[in-house]
Every structure is written in structure tokens, then in C-alpha cells.
Amino acid sequence: HIDQALPISAAMADSGQQLRVIIEVDIGLERVGVAPLEPTLELARQLKALPGIELAGIMGYEGHLLALEDAEEKDTRIHEALDQLVQTADLLRTEGIPCEIVSCGGTGSYLISATHPGITELQAGGAIFMDQFYRDACKINNLDFALTLVVTVVGRPAADRAIIDAGRKSIHQDSNPCVVVGRDDIHVRSLSAEHGDLKLAPSAADLKIGDRLEMIPGYSDMTTVLHNQFHGFRGNQRELVWPLEARGHLQ
């Protein structure tokens, strides 16, 4: 929006610097962004006239289409949404406004978005982790799970139940249930604030207090923000610890 661009322009001009910016185009998600075609062109014209700002391109996000159940419908509707984005980029160029970047795509749609003519960049950040949402709801089956959480059994209230020391403050499953790695006989029934309630099949009845399990989160985006660091493993060997530098900086 021009109300965001004006103070950026003033700050850059005062400091003698140039900032590359892109316009977000709303291609159906109805969250943020300007409408495609003429409304985007009008904003691009305003940005082009501002000092301290260089328009580098446009972006859109087809996030409202990631979990469509029918594969053919998903493919068709994503291409229709991205047509709006590419047509908008072409309109800018015909008006003499450079549009180097045409960015789109999430992990749940990147296999389709990557094939669309005119797209220059994908935003599929969650692909580095994968999770149950992308696997189950978005039908992404060609990526491995890289993000897991190690939990400890802290209670055995019944032969068919176990309690773990991780709940909603540790792992996210609102969009899709968490999964216990390598254990089809253990299912997450529910998560409270600090505990998880597991349903055990008879083959898991020997699970003991103190046993550790590895869990894949239902949604990685909302799991990473709950922790201070990643522990990087290759096989059974921990090779590194990465701090989450932005932890606690949402305020």
C-alpha cells in the first residue's frame, strides 16, 4: 500500500539508500495484497515515482488452494490463480515498469506452481521440514520429514494409555495430528498445555515411564516458534545446534 511505501521512501531518501521492494498481489487468499492488473499497476506507478525505492517485482500466494482434495481441481485452480499474477506482471512490463521477480508458491502447492509459465521464484519454506499437514492435507509425498521432537513418557495411567511431557507448548497439531515415528501402534489422542495423551495398541503395552519417542509435528511452522534451538543430527550423531535467532521477537 502507498501508506507503507511513503515512510520507507522518506527513510531511504534521508539516508541516501535504495530499497528493493515487491508488491503483494491478492490472487484469491483474501488476506493481504492489492487486487491484480489495474490496481497493481496503479500502485506500481506510484512506487516508481518515489525516491529511495526500486520496484523489483510482484508476489502472490495461492494458500487458499493448498488443501483441495481433488487433485485435478487443485491443479486447475492454482494455475488460474497464477494466471492473474503473471498477467499482472506482463501488464507492468507493457507499461515500461520492470518486473524481474514473479514470486509465488507454498510447500503445499510448489509442485504445481513450479510448472507455471512466467513464475521466477517459489516461497516453499516449510519444505525443509515437512510435516503431517503437508503430507496429509496437501498430498506432498516426495519430501522426507526433517523436523521431529523427542518426548518422554511420564505416565502410564492405563494399559492402553500413556502420558508424555509435551503438549501444545511444545508441538502443534491443530491442523493435523502429530505422528509417532516408527510406531503405528501409538496414536496421539489429545494435547493439553504441557502433556500429551497417547492411545496404545496391545503391541505397545510394554511402553514404560522414561521411554522416549520421536514425534513429527502436525504443523512445523507453529512448532518451531515454540523452541529456542534446533539440534541437527546425522544418523544418531548430533552435529550442530542452531539457535532460533528470531525467537521471542514477534512482539
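The side chains of D211 and K208 meet in a salt bridge, with 3.6 Å between N and O. The model is a predicted one, and the count of such bridges in it comes to 14. Below you will find a few of those pairs, followed by a walk along helix α3, a look at the empty spaces, and three residues worth finding on screen: I164, S9 and S170.

**Salt bridges**

- As background, side chains of opposite charge can pair when their charged atoms come close.
- R20 and E100 form one of these pairs, at 3.4 Å from N to O. This bridge links distant parts of the chain, since R20 sits in strand β1 (residues 19-24) and E100 in the loop between α3 and β3, 80 residues apart.
- How open to solvent are the two partners? R20 is partly exposed, with a relative accessible area of 47%, while E100 counts as exposed at 58%.
- D197 and R161 make another bridge, with 3.1 Å from N to O. Here too distant parts of the chain are joined: D197 belongs to strand β9 (residues 196-200) and R161 to strand β6 (residues 161-164), 36 residues apart.
- In this pair, D197 is buried at 11% relative accessibility, and R161 is partly exposed at 23%.
- Some bridges share partners, and in that way E42, R45 and E95 are joined into one network.

**Helix α3**

- Helix α3 covers residues 71-94, which makes 24 residues. From its first C-alpha to its last it reaches 34 Å, close to the 34 Å expected at 1.5 Å a residue.
- At the N-terminal end, D70 acts as a cap: one of its side-chain oxygens lies 3.2 Å from the backbone nitrogen of E72.
- Just after the helix, G96 takes a positive phi of about 80 degrees.
- Which residues of α3 are buried? They are K74, I78, H79, A81, L82, L85, V86, T88, A89, L91 and L92.
- A helpful rule when you look at that list is that an α-helix has 3.6 residues a turn, so residues three or four places apart point the same way.
- The cover over the buried residues of α3 includes two helices, α2 (38-48) and α4 (110-113), along with the strands β2 (53-59) and β3 (101-104).

**Cavity and pocket**

- Rolling a probe the size of a water molecule over the atoms shows where empty space is left.
- The structure holds one cavity of 30 Å³ or more. The largest cavity encloses about 40 Å³, and its lining is made of E24, V25, D26, I27, L29, R31, V32 and Y61.
- The largest pocket has about 970 Å³ of space. It is lined by 32 residues, and those closest to its centre are A146, L147, T148, H231 and F233.
- Which element supplies the largest share of the pocket lining? That is β11, with six residues.
- At least two lining residues come from each of β5 (149-158), β10 (212-216), α6 (221-224), β11 (229-234) and β12 (237-243).

**Three residues to look at**

- I164 lies in strand β6, and at 0% relative accessibility I164 counts as buried.
- Leaving out residues up to four places away in sequence, I164 touches V151, T152, V153, V154, E194, H195, G196, L198 and M215.
- How far is I164 from F133? The two are 31 residues apart in sequence and 22 Å apart in space, C-alpha to C-alpha.
- S9 is part of helix α1 (residues 2-15) and is buried, with 4% relative accessibility.
- The side chain of S9 reaches the backbone oxygen of P51 at 2.5 Å. Not counting residues up to four places away in sequence, S9 touches L50, P51 and I53.
- S170 is found in the loop between β6 and β7 (179-180). Is S170 buried or exposed? Its relative accessibility is 17%, and buried means under 20%, so S170 counts as buried.
- Apart from its neighbours within four places in sequence, S170 is in contact with L149, T223, L226 and H227.

Methods:
Residues are numbered from 1 along each chain as its sequence is written. This is a predicted model: local features need pLDDT of at least 70, side-chain atom pairs count only at pLDDT 80 or more; totals for chains, interfaces and linings use all residues. Side-chain values use heavy atoms; hydrogens and water are left out. Helices (H or I, at least four residues) and strands (E, at least two) are DSSP runs, numbered from the N terminus. The expected span of a helix is 1.5 Å times one less than its number of residues. Buried means under 20% relative accessible area, exposed over 50%, partly exposed in between (1.4 Å probe, protein chains only). Contact means heavy atoms within 4.5 Å. A polar contact is a pair of N or O atoms within 3.5 Å; within protein, one must be able to donate a hydrogen and the other to accept it, and residues adjacent in sequence count only if both atoms are side-chain atoms. A salt bridge is a side-chain nitrogen of Lys or Arg within 4 Å of a carboxyl oxygen of Asp or Glu. On a 1 Å grid over the protein atoms alone, a cavity is a set of points where a 1.4 Å probe fits but cannot get out, and a pocket is an open set with protein on both sides within 12 Å along at least five of seven lines; lining residues have an atom within 4 Å of a point. Grid points are joined across faces, edges and corners, and a volume is the space filled by probe spheres set on the points.
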